[in-house]
Amino acid sequence: MIEIKINYSKKVPAMAVLLTIPLIGALVYFAIYYGGGVGFVCGASAFAMFRLGYEIVSGWHRITINDECVMVHSKYQWTVCFRDVEDFYPITYKGQYLIGIHYKQSHENYRTDDYLDDTRETRMGYELSPGAPYEIPTRGLSIKPQELLKQLNERLNLEKMTGRTE
């Protein structure tokens, strides 16, 4: 059983730190210059850096692909079994690349393309699991979305050909 773990890109936290440091420096400068707020600014800055570190460590694994399913790790983890899927396809929504999921007609999650298009904005607004269970967000991953789509369809085709994956 081959398991692939796809993480957040290291570029995202690096950019966040690079953007946060000058902002904190400017806040400290203004707090010192105008007086009185140094303690508050330092405390708020420390909290922001701690929160950023926590987000990086706690949410490092984003997607796990094994022989039977895809697990999407967001604030709420959800799973898509290959046996329930007809195909994975690319979608662009508001400049964001997503991987759409067409379920088999016999599956309870099957919906028409028109329904999926009409309800996408609502699903992408879910804070706990954006896109679930019909789209997989790909922003900020360590792998290109096209490569992820290719790997998902390869696993799906292997499942269809053999009835199981090897």
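## Strand β4 and its hairpin

A residue counts as buried when its relative accessible area is under 20%, as exposed when that area is over 50%, and as partly exposed in between. With that in mind, look at strand β4, residues 78-81, in this predicted model. Trp78 and Val80 make up the covered face of β4, while Thr79 and Cys81 make up the uncovered one.

Strand β4 has a partner, too. Strand β3 (residues 69-72) runs antiparallel to β4, and four bridges join the two. One of the matched pairs is easy to find: Cys69 has Cys81 in β4 as its bridge partner. Between β3 and β4, five residues form the link of a hairpin.

## The whole protein

Now step back and take in the full chain. The protein contains four helices and seven strands. Followed along the sequence, they come in the pattern β-α-α-β-β-β-β-β-α-β-α.

How many residues does the protein have, and what share of them counts as buried? There are 166 residues, and 38% count as buried. The protein exposes about 10,400 Å², with carbon and sulfur atoms supplying 59% of that area. Among the contacts with a separation of 6 or more, 58% come from residues 24 or more positions apart.

## A sheet of three strands

Strands of a sheet pair through backbone hydrogen bonds, and the pairing can be parallel or antiparallel. Here you can find an open sheet of three strands in the order β5-β6-β7, and its pairing is antiparallel. The edge strands, β5 (85-93) and β7 (135-137), each pair on one side only. From one strand to the next, the twist averages 25 degrees.

Try tracing β5 against β6 (residues 96-103): these strands run antiparallel, and eight bridges join them. A good place to start is Asp87, whose bridge partner in β6 is His102.

## Helices against the sheet

Helix α3 (residues 113-124) lies across β5, β6 and β7, and runs at about 60 degrees to β5. Helix α4 also packs on the sheet, where it touches β5, β6 and β7; the direction of α4 makes about 165 degrees with that of β5.

Helix α4 covers residues 145-162, which is 18 residues. From first C-alpha to last, α4 reaches 26 Å, close to the 26 Å expected at 1.5 Å a residue. Which residues of α4 are buried? They are Pro145, Leu148, Leu149, Gln151, Leu152, Arg155, Leu156 and Glu159. These residues are on the same side of α4 because they cover an arc of only 165 degrees around the axis. A general rule helps in picturing this: an α-helix has 3.6 residues a turn, so residues three or four places apart point the same way.

## Loops worth a look

The loop between β5 and β6 holds Lys94. Although Lys94 is not a glycine, it has a positive phi of about 50 degrees. Is Lys94 buried or exposed? Its relative accessibility is 64%, so Lys94 counts as exposed.

Next, visit the loop between α3 and β7, where Pro133 lies. The peptide bond from Ala132 to Pro133 is cis, with omega near -5 degrees.

Finally, find Arg139 in the loop between β7 and α4. Arg139 is exposed, because its relative accessible area is 57%. Arg139 and Ser9 are 130 residues apart in sequence, yet their C-alpha atoms are 9.0 Å apart in space.

Conventions
Residues numbered from 1 in each chain as written. Predicted model: local features only at pLDDT ≥ 70, side-chain atom pairs only at ≥ 80, totals over all residues. Heavy atoms only, no water. Expected span 1.5 Å × (residues − 1). Buried < 20%, exposed > 50% of the residue type's maximum accessible area, 1.4 Å probe, protein only. Arc of directions from axis to C-beta. Pairing = 2+ DSSP bridges. Axes fitted to C-alpha atoms, helices over the stretch in contact; angles between N-to-C directions. Contact = heavy atoms within 4.5 Å. Areas by Shrake-Rupley, 256 points an atom, 1.4 Å probe, with all protein chains shown as cover.
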